[in-house]
Amino acid sequence: MEDWVWWMIAAGVLAVGEIATLGFFLGPIAVAALLAAVVAVVGAGLAAQWIVFIVASFASLGILRPIARRHMRTPARLRTGTAALVGSRAVVLERVDVDGGRVKIGGEVWTARGYDEDEVLEPGVRAQVMKIDGATALVSE
């Protein structure tokens, strides 16, 4: 078998290992194996292939891995619109049950229903917004 085939097999095994571990360590090395395969296809010798593999491994681990780790630590995008209300606190203004009611969420009055069918919330109770269904907040104590 030709050298480039071995490099491609190695790149595939490393890529599968990356998917299984999710540590972003094997992925950059798989990229280096792909580069070594390209060098093999061009016709360079085995020594040149290994040099490219080693240099590319260190370079990709030194450059790509820190970028990927920073990206994994960034907070999720901020929720906007009605999605931003999920998880917020509400004050019951009119009795809330499965048939309806009214709550105040962040200074706005919303129609509301109980998140659980059996739950009844009396005026003055603080509730949590579990879901927004159209223009109706589903709340629970």
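Start with one yardstick: the expected span of a helix is 1.5 Å times one less than its number of residues. With that in hand, here are some close-ups of this predicted model.

**View 1. Helix H1, end to end.** H1 covers residues 3–21, which makes 19 residues. From its first C-alpha to its last it reaches 27 Å, close to the 27 Å expected at 1.5 Å a residue. Just after the helix comes Leu22, and its phi is positive, near 55°.

**View 2. The two sides of helix H1.** Which residues of H1 are buried? They are Trp7, Ala11, Leu14, Gly17 and Glu18. Look down the axis of H1 and these buried residues fall within an arc of 125°, so they line one face of the helix. A bit of background helps here: an α-helix has 3.6 residues a turn, so residues three or four places apart point the same way. Over on the other side of H1, you'll find Val13, Val16, Ile19 and Ala20 exposed.

**View 3. Trp7 meets Trp50.** Searching the whole structure turns up three aromatic pairs, and here is one of them: the ring centres of Trp7 and Trp50 are 5.1 Å apart and the planes sit at 65°, so this pair counts as edge-to-face. Trp7 belongs to helix H1 and Trp50 to helix H3 (residues 46–73), so the pair ties together parts that are 43 residues apart in sequence. Are these two buried or exposed? Trp7 is buried, with a relative accessible area of 8%, while Trp50, at 43% relative accessibility, counts as partly exposed.

**View 4. Trp7 meets Phe53.** Stay with Trp7 and shift to another ring: the centres of Trp7 and Phe53 are 5.0 Å apart, with the planes at 40°, so the pair is tilted. Once again distant parts of the chain are linked, with Trp7 in helix H1 and Phe53 in helix H3, 46 residues apart. Trp7 and Phe53 are both buried. Put the views together, and Trp7, Trp50 and Phe53 make up one aromatic cluster.

**View 5. The barrel.** Now for the strands: five of them form a closed barrel, in the order S1-S2-S3-S5-S4, and the pairing is mixed. From one strand to the next, the twist averages 50°.

**View 6. Strands S1 and S2 up close.** How many bridges join S1 to S2? Four bridges do the job, between S1 (residues 89–97) and S2 (residues 100–105), and the two strands run antiparallel. To pick out a single pairing, find Glu94: its bridge partner in S2 is Arg102.

Notes: Residues are numbered from 1 along each chain as its sequence is written. This is a predicted model: local features need pLDDT of at least 70, side-chain atom pairs count only at pLDDT 80 or more; totals for chains, interfaces and linings use all residues. Side-chain values use heavy atoms; hydrogens and water are left out. Two strands pair if DSSP finds at least two bridges between them. Axes are lines fitted to C-alpha atoms, for helices over the stretch in contact, and angles run from 0 to 180 degrees between N-to-C directions. Buried means under 20% relative accessible area, exposed over 50%, partly exposed in between (1.4 Å probe, protein chains only). The arc is that of the directions from the helix axis to the C-beta atoms. Rings of Phe, Tyr and Trp (its six-membered ring) pair if their centres lie within 6.5 Å; planes under 30 degrees apart count as stacked, over 60 as edge-to-face and the rest as tilted.
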